Amino acid sequence: MIHSLFLVNSSGDIFLEKHWKSVVSRSVCDYFFEAQERASEPENVPPVIPTPHHYLISVLRHRIYFVAVIQSEVPPLFVIEFLHRVVDTFQDYFGVCTEAAIKDNVVVVYELLEEMLDNGFPLATESNILKELIKPPTILRTVVNTITGSTNVGEQLPTGQLSVVPWRRTGVKYTNNEAYFDVVEEIDAIIDKSGSTITAEIQGVIDACVKLTGMPDLTLSFMNPRLLDDVSFHPCVRFKRWEAERILSFIPPDGNFRLLSYHVSSQNLHPLRSASLVAIPVYVKHNITFREGSSQGRFELTLGPKQTMGKGVEAVLVSSQLPRGVLNTNLNPTQGTYTFDPVTKLLSWDVGKINPQKLPSLKGSMSLQAGASKPDENPTINIQFKIQQSALSGLKVNRLDMYGEKYKPFKGIKYMTKAGKFQVRT
Amino acid sequence: MSTNNLSYNDQGGTDSAVEVGQETTPTSSNAGAGFGLFSVDFKKNDDLKEMLESNKESLKLEAMKRVVGLIAKGKNASELFPAVVKNVASKNIELKKLVYVYLVRYAEEQQDLALLSISTFQRALKDPNQLIRASALRVLSSIRVPIIVPIMMLAIKEAASDMSPYVRKTSAHAIQKLYSLDQDQKDLLIEVIEKLLKDKSTLVAGSVVMAFEEVCPDRIDLIHKNYRKLCNLLVDVEEWGQVVIISMLTRYARTQFTSPWKEDGVFDEHSERAFYESDEEKTRNEPEAKPYMMDPDHRLLLRNTKPLLQSRNTAVVMSVAQLYWHLAPKNEVSIVTKSLVRLLRSHREVQYIVLQNIASMSIQRKGMFEPYMKSFYVRSTDATHIKSLKLEILTSLANEANISTVLREFQTYVKSQDKEFAAGTIQAIGRCATNISEVTDTCLNGLVLLLSNRDETVVAESVVVIRKLLQTQPTQHSDIIKHMAKLFDNITVPMARASILWLMGEYCERVPKIAPDVLRKMAKSFTSEEDIVKLQTVNLAAKLYLTNSKQTKLLTQYILNLGKYDQNYDIRDRTRFIRQLIVPNDKNGALSKYAHRILLAPKPAPLLESAYKDRDRYQLGTLSHTINTKASGYLELSDWPAVAPDQSVRNVEVIEPVKIHHFIFPSTAHPTPALHQGWSWSTLSPKLQINFATDAESRVENSSQSSEESDESSSQSEKSSSESESDSEKKKRKTKTPLQKKTVKPTAKDGPYLSKCYQPTFCSSDLFIFSLILSVCPPVYSALSPLSLSFPLQVSGPAFVPEKSHDLLHRMTGKGLSAQYQFPRQPCLYQPTMVSVQISLTNTSDHPLEQIHIGDRSPTGLNIHCFNTVECLEPEASVTVFMGIDFNDSTQAANFQLCTKEDHFSVSIQPAVGDLFLPITMTELDFRKEQGKLLGMNESSATITMAAENMTSQPISRPVATVANLGVVPSGQDDIHRFAGKTASSGAVVLVTVELRESSTALITINTEKSVMGSMLLRDLKQALAQA
């Protein structure tokens, strides 16, 4: 399946290679570099590139291209999903997944890649299993290892590998038993010029951090499970139980994991009805104009809270890709700071918290290239924000119960709403 | 590389520290770095060699880490091979692993040296640690040295029957490696694949199917028997395996089942006909004649894959989606929609693949994705290839109802800064206009407006699209053509200019005044135009010459003259051709008559089609589908067979052990409620086993009693079994056939019922099945049961269970709690090496005793399976519990504490040597063979005098069976009696021969490798027989 893997940094250097079958020359990457040159943006490199003898399937994460070399038919998603899993593992092990981190830990990286694939077929991708085989490097462990001569490599087959719950290792022990669940919802929306919603949907996830001793069996129930329209589970969730009772019943992995991701049903069944069922938490008033013949443009932007369920809108960040003709901007924010990069033409305004009494605004002028014609299109405005302690869809966890263990765990549930791909067309 | 620096500096070598520094600094340019390091490389490798050959483990490890660093960077480290390979046998597991990494990388290049390491792997293949066995096999199979193919083959075969499923999984991977190394091994490898396909472990399933796909995808016959198992295991297989299995099963299903895609109308018609002319149908043997019934196996596959749509792994979701697309009845396919749309939230690369597949699907089945149209709206932050795919899908989804929404959306896109995308949008508008006739005019008008756009690409694309649209309905649109003629001067994109010229020529009769003027302008600028524009100018000139020669004759001749001397072949050729065609002269009169018909023939309108139109000739979700060409190794999805192949090939014969289960539950028994109420198996099982040992009557009698009485009934039936044993044995030998009937009958009747109640136990405890299998073959059936023929060590039921129970705890010392134990002589349920002990607890006090359980034990290593805590024992009540003790084949007492809520009592269980055996059945021949192996030290014998009444067969086996739990071996001679058993813990064979001699003496011979147990048994037997 996966023949080789090359890691390519943003400047086009191959800084790591790993082969699972016979060695493939790195010159195969030339095809990739060609495609990279052709693409205007780094994201535009096609994920699948056919070459005379191989196929290159790549993903771009953290400004590193992970290029897998394939020799024969394989579902492309299989490879893509695996590559993303590799990145997730690196992030899990080293905290960040950067070129520097990978180079610093090249031995661990190699050991990991060796365990994750055998002959190009995934062998162990579950984080709990990998961590038993190869312990993540920490400063303390590094020091201890140099002194005692012990290693980061496990000598026994991880218990998870053979068990029916491969995601959980046995013999977990904690002095403080705790289970935290974060319900995070993201709202994706496109708002048109006039402020009406073109499309809006809510996607949510429940991320968990479970540190419980032994083999706990948890059940999580919702007040309003009907809201969940389409769900995908961590393998630990018992699907039958969900089908029958709409209850999440599972033996959790140890540590951090994503329990569930879901889609909230709203307007799916009525395609032509407006997406009014989803509450839009912020509104934007904008006035961006370019006049023909003048080298000046006006830029006005005001943000305000809309349907926020009484919670404050925080961490607001506005960004916009201004037209190529814009040379510079001269803007005044009433709060926060703004930056404009004259090369990439990216405007970003870090607003912070929205105060409903005094709405934040950004006003001023843009200077345009002299003689250039007026841009056709007004820029799109992307907005990011957070609303703590509320899930936009109204999803509520009813209760969390634990079976199978005797102690009383500490349980916590947190709700949060974030902007996903929230765009305002102007 | 913090590790490196730390330990490295510890050594205090300044030189090397500098080198590490050099190595860690990121190198700016490849070429420079390569050159710069080249000189250093040489020295450094020397240094590494030294470190690798040193005695210090830490130095070696450090060196290996740096070598791996070199490999990672793609630098050549092959010259270190001899130094590295020496460390392959290192005790340090990390060092060993790094050496493995090195070997796998370079062994192919240094085959001779690599052979040095082979023996280490061969040794490791026998290691008790499964991880070491597995990784040895992994490396051995990865080093790609052709000489070791036979060794690999052997290792794979062995690993394929390893105890550990993890090792078996590794062997499945090794199959593919060996196959790519040496294709000649195919036949042998297929055998291994066949074997591994039968494996029931979910861990193995994915890997072996992968090997199957790689080595012998055409051997579909290997799948038949495993099809249902694979379907049922699928949910529990790891996610990567699921993908592989699903795609294999998709292919399989297309060859084995008939198409579920019959149209309803056809379907009805046929069923009607089938009703009236059924006889005739049969003779014609028309496949469609029968009303479609989905094969239950087909349904099984669809049902079992559906939950996987909820997987977090996008590849799994996609593979289920394609399975439904290719296999499900048309009305069921839409259940995958939601999940596919969900994947669009995932990473960009995932979106790309999923959108491609949706694009293919949406062309055929608009309805599937229409409700989700808004999910395909383009965002300005999408990558270009994502944008164009979304556009593609939106275009396919557009219909009369939603076209206005779509067009409004398109309007926004046209203004996009991404001009490539804007051009794509214009094409999309064109497609919408041709597909939906209601909006053609609106679209045309919109496109005409775009002609005044500032951006060239937008204008050019519009012109091209307008041209295509006009071709479809040219009659009403002469004003648009005029408008375009006006714009002609401002348009510079060659393709657009060429399109306008073509339009002028084609419809020159509708714009009689403008066309010649355009030609005039073109004549002026002809030399400076692009080739494509020149060609169209020549065309225009020719067409005008034919329709309006008065005005354009001179212009045409001028242009033809210019073309004649053009630099481009094409233009020169075209000019020459046109001139001959249109300008009448003597030679070519025949052809020029038809010039009008040749040049101005009505032309079919171009079809504006999706690029994804025929993509679905490739299986969805495959690489071939993505790149739209056949990738190497792509396996074609076959068409549905017209007639379904034999369905029965997938039937799996019920395997022997399962059949024997049926003995256990006679038809009148109702164990199901007990099972469902969660009765512990320990209380239930003795009864089951006894049922078995007794004959048919007592079975019925026994089973009519309720489960609560099992203790009593067990002792009853034990008696009856032992008493009637010899009778029934004789009887059964005489009436072999009737007996068989008797046993088979309930089997058939109970089939469905048993499988129903048994299903859960199969999964929940393999151990249980194992012990059942062990217990279900009593010696009386030995002649009948095929199982018992398979030598060695088929454990049978006990020949006799002594009633004798021993005091474990007296009621006086136990403060009211009294306990007695006895050996039921059953194979232990918990572990085969344990001896099962039955303990009856009685409360003789006047208050209830709570929480009776087992506490500390000694020796501490003693392996005991405790009974479940008895929560409460009422006064005068008693309860029987079972526990398992591994005595480790010694008569040493097992000491442990019996605890109640308040007290602890130290108790001990002392087994007699005879209780440590399990009876086995074997033939006389096997017995002799085994005995031949156990001579000398392993034999102990004694001659005894025994009472005359013991001289017949029955009384001899009786006292022997009382002393020791051994099975009777059928003997051909009257005066020699043989008994066989094995020790519970180690499974060593124990053979006892009693040879009767004259004057009431008898020779007892015991053959076993456990000589201590042998002599103890001899002593006990001497006592028992002499006494009797």
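**Entry 1. Cavities**

I looked up the largest cavity of this predicted model and found a volume of about 150 Å³. The count that I recorded is 12 cavities of 30 Å³ or more.

I then listed the lining of the largest cavity. Chain A supplies Asp188(A), Glu201(A), Gln203(A) and Lys421(A). From chain B, I noted Val341(B), Leu344(B), Arg345(B), Gln351(B), Ser375(B), Arg379(B), Asp382(B) and Lys390(B). Sorted by residue class, this lining holds 2 nonpolar, 3 polar and 7 charged residues.

I turned next to the second largest cavity, where the space is about 130 Å³. On the side of chain A, its lining consists of Glu111(A), Glu114(A), Glu115(A) and Ile134(A). Chain B contributes Lys97(B), Tyr100(B), Val101(B), Ser135(B), Arg138(B) and Val139(B).

Which helices each supply at least two residues of this second lining? I found α4 (106-116) of chain A, together with α6 (93-106) and α9 (130-142) of chain B. By class, the lining of the second largest cavity divides into 4 nonpolar, 1 polar and 5 charged residues.

**Entry 2. Nonpolar cores**

I began with a general expectation: in soluble globular proteins, nonpolar side chains tend to be buried together. The largest nonpolar core here has 260 residues. I looked for the members that touch the most other members, and these are Phe66(A), Phe90(A), Tyr102(B), Leu340(B), Phe376(B) and Phe410(B). Helix α2 (residues 76-94) of chain A gives the most to this core, namely 11 residues. I also recorded a second, separate core of 69 residues, which includes Val165(A), Leu248(A), Ile280(A) and Leu395(A).

I took Phe66(A) for a fuller list of contacts, leaving out residues up to four places away in sequence. Phe66(A) touches Leu5(A), Phe6(A) and Leu7(A), and also Ile57(A), Ser58(A), Val59(A) and Arg61(A). Further contacts of Phe66(A) are Leu83(A), Val87(A), Phe90(A) and Cys97(A).

**Entry 3. His84(A)**

I stayed with helix α2 of chain A, where His84(A) is placed. Is His84(A) buried or exposed? I count His84(A) as buried because its relative accessible area is 4%, and the cut-off for buried is under 20%.

I then asked which residues His84(A) is in contact with, beyond its neighbours within four places in sequence. From chain A, I found Val59(A) and Arg61(A); from chain B, His347(B) and Glu349(B). Val59(A) and Arg61(A) also appear in the contact list of Phe66(A).

**Entry 4. Positive phi outside glycine**

I examined two residues of chain A that have a positive phi without being glycine. Asn119(A) has a phi of about 55 degrees. Its place is the loop between β6 (117-118) and β7 (121-122) of chain A. Asn119(A) is buried, with a relative accessible area of 8%.

Lys345(A) has a phi of about 65 degrees. I located Lys345(A) in the loop between β18 (337-341) and β19 (346-352) of chain A. At 12% relative accessibility, Lys345(A) counts as buried, because that value falls under the 20% cut-off.

**Entry 5. Arg615(B)**

I looked up Arg615(B) in chain B, in the loop between α36 (595-599) and α37 (623-627). The relative accessible area of Arg615(B) is 10%, so I entered this residue as buried.

Which residues does Arg615(B) touch, not counting those up to four places away in sequence? I noted Gln356(B), Ser360(B), His625(B), Thr626(B) and Asn628(B). I also checked Thr629(B), which is 14 residues from Arg615(B) in sequence and 9.2 Å from it in space, C-alpha to C-alpha.

**Entry 6. Totals for the two chains**

For chain A, I recorded 8 helices and 23 strands. Buried residues make up 56% of its 426 residues. Taking contacts in chain A between residues at least 6 apart in sequence, I found that 68% join residues at least 24 apart. Chain A exposes about 17900 Å², and carbon and sulfur atoms supply 51% of this area.

For chain B, I recorded 48 helices and 16 strands. Its 1028 residues are 56% buried. Of the contacts in chain B between residues at least 6 apart in sequence, 65% join residues at least 24 apart. The accessible surface of chain B is about 45800 Å², with 53% belonging to carbon and sulfur atoms.

Technical notes. Residues are numbered from 1 along each chain as its sequence is written. Chains are lettered from A and ligands numbered from 1 in the order in which they are written. This is a predicted model: local features need pLDDT of at least 70, side-chain atom pairs count only at pLDDT 80 or more; totals for chains, interfaces and linings use all residues. Side-chain values use heavy atoms; hydrogens and water are left out. Helices (H or I, at least four residues) and strands (E, at least two) are DSSP runs, numbered from the N terminus. Buried means under 20% relative accessible area, exposed over 50%, partly exposed in between (1.4 Å probe, protein chains only). Contact means heavy atoms within 4.5 Å. Accessible areas come from the Shrake-Rupley method with a 1.4 Å probe; for residues, only the protein chains shown count as cover. On a 1 Å grid over the protein atoms alone, a cavity is a set of points where a 1.4 Å probe fits but cannot get out, and a pocket is an open set with protein on both sides within 12 Å along at least five of seven lines; lining residues have an atom within 4 Å of a point. Grid points are joined across faces, edges and corners, and a volume is the space filled by probe spheres set on the points. Ala, Val, Leu, Ile, Met, Phe, Trp, Tyr, Cys and Pro count as nonpolar, Asp, Glu, Lys and Arg as charged, and the others, Gly among them, as polar. A nonpolar core is a set of buried Ala, Val, Leu, Ile, Met, Phe, Trp, Tyr and Cys residues joined through side-chain atoms within 4.5 Å.
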